[in-house]
Amino acid sequence: MLRHILIRLLPFFVPLAGANGAALAFENKSVEVAAKPGTEQVTLVFPFENKSGETIEIVRHASPCGCIKAEIKDGKMTYAPGDKGEVTAIFKIGNLQGTVRKNVVIWQRGDKATEPSVILTAVIEIPERVAIT
């Protein structure tokens, strides 16, 4: 009986990188930008720092939409305490207009596949195209 209780409590006492609350500290998790008329793409930058006391490894980053591509500055995926970095989101405007919100998700070592550590939001204000009637 005691063994079963200890096994159930074990996850609360055994830290895992990424799953134990150690996270990259982003200046802003939501960045807004206004696209200029005629612009084909906009770039949004999400600076961050590892303010934890342990090394953090980014194991995956993605966006659920093909219109936005995420890149980690210099391809660096491991950050020691105090290290800084940037996630850059490149958004292709295409035929979109108005206010568009797109996410970039980041998984750290220890995250569940369905629970990324970080969700960044890019908010792009795209001017309406001139309509000739």
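**Figure 1. Five strands of this predicted model line up in an open sheet.** Reading across the sheet, the strands come in the order 2-9-8-4-6, and the pairing is mixed. Which strands stand at the edges? They are strand 2 (30-34) and strand 6, and each of them pairs on one side only. As background, strands of a sheet pair through backbone hydrogen bonds, and the pairing can be parallel or antiparallel.

**Figure 2. Here we look at strand 8 and its partners, strand 9 and strand 4.** Strand 8 and strand 9 run antiparallel and are joined over nine bridges. Two places help you find your way along this pairing: V100 stands opposite I124 in strand 9, and K102 stands opposite A122 in strand 9. Strand 4 also pairs with strand 8 in the antiparallel sense, over four bridges. To find this pairing, look for A62, which stands opposite V105 in strand 8.

**Figure 3. A second open sheet is built from four strands.** The order of its strands is 1-3-7-5, and the pairing is antiparallel. Why do strand 1 and strand 5 each have one side without a neighbour in the sheet? Both stand at the edges with a single partner strand, so there is nothing beside them in the sheet on the other side. From one strand to the next, the twist averages 30°. Strand 5 and strand 7 make a good pair to trace: they are antiparallel and share five bridges. Within this close-up, I68 stands opposite F91 in strand 7.

**Figure 4. F26, F48 and Y79 come together as one aromatic cluster.** How many aromatic pairs are there? The count is two. In one of them, F26 and F48 are tilted, with 5.1 Å from centre to centre and 45° between the planes. This pair links distant parts of the chain, with F26 in strand 1 (residues 24-26) and F48 in strand 3 (residues 41-50), 22 residues apart. F48 also pairs with Y79, this time edge-to-face, at 5.0 Å centre to centre and with 75° between the planes. Again distant parts of the chain are linked: F48 belongs to strand 3 and Y79 to strand 6 (residues 78-79), 31 residues apart. Are these rings buried or exposed? F26 and F48 are buried, and Y79 is buried too.

**Figure 5. F26 takes part in the largest nonpolar core, which has 27 residues.** The residues with the most contacts inside this core are F26, L44, F46, V87, F91, L120 and I124. Many strands chip in: strand 1, strand 3, strand 4 (56-62), strand 5 (68-72), strand 7 (84-92), strand 8 (98-108) and strand 9 (118-126) each supply at least two residues. Which strand gives the largest share? It is strand 9, with five residues. Now zoom in on F26: leaving aside neighbours within four places in sequence, F26 is in contact with F46, P47, F48, V87, I106, V118 and L120. A general pattern is worth remembering here: in soluble globular proteins, nonpolar side chains tend to be buried together.

**Figure 6. This view visits I119, a residue of strand 9.** Why does I119 count as partly exposed rather than buried? Its relative accessibility is 46%, and buried would require under 20%. Not counting residues up to four places away in sequence, I119 touches K29, N103, V104 and V105. One of these, V104, is 15 residues from I119 in sequence, with 5.9 Å between the two C-alpha atoms.

**Figure 7. An arginine, R60, lies over the face of a tryptophan ring, W107.** The distance from R60 to the ring centre of W107 is 3.7 Å.

**Figure 8. Stepping back, the chain has one helix and nine strands.** Along the sequence, the pattern is α-β-β-β-β-β-β-β-β-β. What share of the 133 residues is buried? Buried residues make up 31% of the chain. Contacts reach across the sequence as well: among those between residues at least 6 apart, 66% join residues at least 24 apart.

Note on methods
Residues are numbered from 1 along each chain as its sequence is written. This is a predicted model: local features need pLDDT of at least 70, side-chain atom pairs count only at pLDDT 80 or more; totals for chains, interfaces and linings use all residues. Side-chain values use heavy atoms; hydrogens and water are left out. Rings of Phe, Tyr and Trp (its six-membered ring) pair if their centres lie within 6.5 Å; planes under 30 degrees apart count as stacked, over 60 as edge-to-face and the rest as tilted. Buried means under 20% relative accessible area, exposed over 50%, partly exposed in between (1.4 Å probe, protein chains only). A charge sits over a ring if NZ of Lys or CZ of Arg is within 6 Å of the ring centre and within 35 degrees of the ring normal. A nonpolar core is a set of buried Ala, Val, Leu, Ile, Met, Phe, Trp, Tyr and Cys residues joined through side-chain atoms within 4.5 Å. Contact means heavy atoms within 4.5 Å. Two strands pair if DSSP finds at least two bridges between them. Axes are lines fitted to C-alpha atoms, for helices over the stretch in contact, and angles run from 0 to 180 degrees between N-to-C directions.
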